[in-house]
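Hi,

Here is the structure I promised to pass on. Have a look at it first, then read my notes below.

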Amino acid sequence: MCHIEDMPSVNLRQLRDTRQLKAWLKAGETVELRERDKVLGRIVPEELEKKPVEWPDFEARARKIFGDRVLPGADLLIEERENSRY
C-alpha cells in the first residue's frame, strides 16, 4: 500500500488521545494507524447521508419583486442562452 503524504497518521500510543482523531474523522479525513513507521491500517470516517439541497423558488421571488414586467434586455439573455453551446 502506498503512503499518502497528506493523510494524517497516529501511532498506537497517540491513539489514547482521541480528541485529534475525532476531529480528523469529523472533518472527513482518513487516518493511518501506524506502529514504528509501519502502516497497520486506516480508520475511515463513516459517510453520512447527504440530504438533497432545497433550492429556493427563484421564479416566484422574481414574480414577487417584478410582477409580470419584462425587464429591458431580458430578451437578449434568453437569446444568448439559446445560442450558447452550453
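Before anything else, a bit of vocabulary: strands here are runs of at least two residues that DSSP labels E, numbered from the N terminus, and two of them count as paired if DSSP finds at least two bridges between them. Also keep in mind that this is a predicted model.

With that in hand, try L33 as a starting point: it stands opposite G41 in strand 3. That spot belongs to the pairing of strand 2 (residues 31-35) with strand 3, where five bridges join the two and the strands run antiparallel. On the other pairing, three bridges join strand 1 to strand 2, and those two run parallel. An example to look up there is N11, whose bridge partner in strand 2 is R34.

Put the pairings together and you get an open sheet of three strands, in the order 1-2-3, with mixed pairing. Strand 1 (9-11) and strand 3 (38-43) are at the edges with a single partner strand each, so each has one side without a neighbour in the sheet. On average, neighbouring strands in this sheet are turned by 30 degrees against each other, if you ignore direction. Helix 1 (residues 18-26) packs on the sheet and touches strand 1, strand 2 and strand 3. The direction of helix 1 makes about 145 degrees with that of strand 2.

So how much of strand 2 is buried? Four of its five residues are, so strand 2 is largely enclosed by the rest of the structure. For the protein as a whole, buried residues make up 10% of the 86 residues.

Now zoom out. The protein has three helices and three strands, and reading along the sequence you meet them in the pattern β-α-β-β-α-α. If you take the contacts between residues at least 6 apart in sequence, 22% of them join residues at least 24 apart.

Last, the outside. The protein exposes about 8,700 Å², and carbon and sulfur atoms supply 52% of that. Which residues form a nonpolar patch on the surface? They are V53, W55 and F58, with about 420 Å² of accessible area together. If you want to find the patch on screen, F58 is in helix 2 (residues 58-66).

Shout if you get lost anywhere.

Cheers

Technical notes
Residues numbered from 1 in each chain as written. Predicted model: local features only at pLDDT ≥ 70, side-chain atom pairs only at ≥ 80, totals over all residues. Heavy atoms only, no water. Patch = residues over 30% accessible without salt bridge, like charges linked within 9 Å, V, L, I, M, F, W, Y side chains within 5 Å. Areas by Shrake-Rupley, 256 points an atom, 1.4 Å probe, with all protein chains shown as cover. Salt bridge = Lys/Arg side-chain N within 4 Å of Asp/Glu carboxyl O. Axes fitted to C-alpha atoms, helices over the stretch in contact; angles between N-to-C directions. Contact = heavy atoms within 4.5 Å. Buried < 20%, exposed > 50% of the residue type's maximum accessible area, 1.4 Å probe, protein only.
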